[in-house]
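Please open the model in a viewer and keep the sequence panel at hand. The tour below proceeds selection by selection.

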Amino acid sequence: MARALIVLTSHSQMGDTDEKTGFWLSELTHPYYAIVDRGIDVDIVSIQGGETPVDPRSWDEDDNLNVRFMATPELTLLLKNSPSLDDIDPSHYQAIVFAGGHGTMWDFPDDPDVQDKAAAIYEQGGIVAAICHGPAALLNLKLSDDSLLISDKRVAAFSNAEEDAVQLTDIVPFSLQDELIINGAHYIEQPAWTANVVIDGRLVTGQNPQSAAGVGEAVCELLKK
């Protein structure tokens, strides 16, 4: 039976500010239920393991899937004591999904487990997916031939326009849109806060929180194939 892995950031500080960040709740809950409600098992891990930081701004959403997730004791317990990505055997998974949230901009790009586990899943015929800021995980993800996974691939991710709209352009360590392009990706942009899911072979990316459910649905469709 197919099994998918959702990876969360462990980074909770918004740059040099006093503001807290982390993962965006709906970018976990929407793909989670898009996948599990279609009969596919999903495990949730974080970069460091232990308690996962939820971006406090994402708690305020009037979102039925967030409510459903947070009303499930075993899932809320998992967020308080998550396994580490380091402990995962990639051979057990057919898909890996990197949830977004601004925290990912600090710990996803250079984490060796992000790169090694995702590359292993992809090269065994699996799917790599990422949502919003989650594509930060793809920036340095190299395959065994030393090529970047995103090279010459079409991708979506949180746009410069959206970063400007939330007034965090000068806080984040880099422009995700710009770095994806620099690293050889073909960046596909839609208007801010518009659902935009881009599928290129076994790579699935979504531009923003509005794309989170669509990324999960696309992963399911690819797993069925």
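A residue is called buried when its relative accessible area is under 20%, exposed when that area is over 50%, and partly exposed in between. The model on display is predicted.

**First stop: strand S3**

Select residues 95-98, which form strand S3. The side chains alternate: Ala-95 and Val-97 point one way, whereas Ile-96 and Phe-98 point the other way. Are these residues buried or exposed? All of them are buried.

Now add strand S1, residues 3-8. S1 and S3 pair in the parallel sense, with four bridges between them. To find one contact in this pairing, select Val-7, whose bridge partner in S3 is Phe-98.

Next add strand S4, residues 127-131. S4 likewise runs parallel to S3, and four bridges join the two strands. Here, select Val-97 and look for Ala-129, its bridge partner in S4. Val-97 and Phe-98 point opposite ways from S3; Val-97 has its bridge partner Ala-129 in S4, while Phe-98 is the bridge partner of Val-7.

**Second stop: helix H1**

Select residues 26-36, helix H1. How many of its eleven residues are buried? Ten are, and the helix is thus described as mostly covered. The buried set runs through Ser-26, Glu-27, Leu-28, Thr-29, His-30, Pro-31, Tyr-32, Tyr-33, Ala-34 and Ile-35. Colouring these residues by type shows that the set includes polar side chains such as Ser-26 and Thr-29.

**Third stop: two cysteines**

Select Cys-132 and Cys-220 and display their sulfur atoms. How many disulfides does a search of the whole structure find? The search finds zero. The sulfur of Cys-132 has its closest cysteine sulfur in Cys-220, and no bond is possible because the separation is 20 Å; a disulfide requires the two sulfur atoms to be within 2.5 Å. Both side chains are covered: Cys-132 is buried at a relative accessible area of 3%, and Cys-220 is buried at 0%.

**Fourth stop: salt bridges**

Display the charged side chains; the count comes to eight salt bridges. Three pairs and one network are visited here.

Begin with Arg-57 and Asp-55, whose closest N and O atoms are 2.8 Å apart. Which partner of this pair is buried? Asp-55 is, with a relative accessible area of 0%, whereas Arg-57 is partly exposed at 28%.

Move on to Lys-142 and Asp-146, whose side chains meet in a salt bridge of 3.9 Å, N to O. Lys-142 is partly exposed at 42% relative accessibility, and Asp-146 counts as exposed at 54%.

Then select Arg-154 and Asp-200, which also meet in a salt bridge, at 3.9 Å from N to O. Arg-154 lies in strand S5 (residues 154-155) and Asp-200 in strand S7 (residues 197-200), so this pair ties together parts that are 46 residues apart in sequence. Arg-154 is partly exposed, with a relative accessible area of 37%, while Asp-200, at 19%, is buried.

Finish with Arg-3, Asp-41 and Asp-43. Salt bridges with shared partners join these residues into one network.

Key. Residues numbered from 1 in each chain as written. Predicted model: local features only at pLDDT ≥ 70, side-chain atom pairs only at ≥ 80, totals over all residues. Heavy atoms only, no water. Buried < 20%, exposed > 50% of the residue type's maximum accessible area, 1.4 Å probe, protein only. Pairing = 2+ DSSP bridges. Salt bridge = Lys/Arg side-chain N within 4 Å of Asp/Glu carboxyl O.
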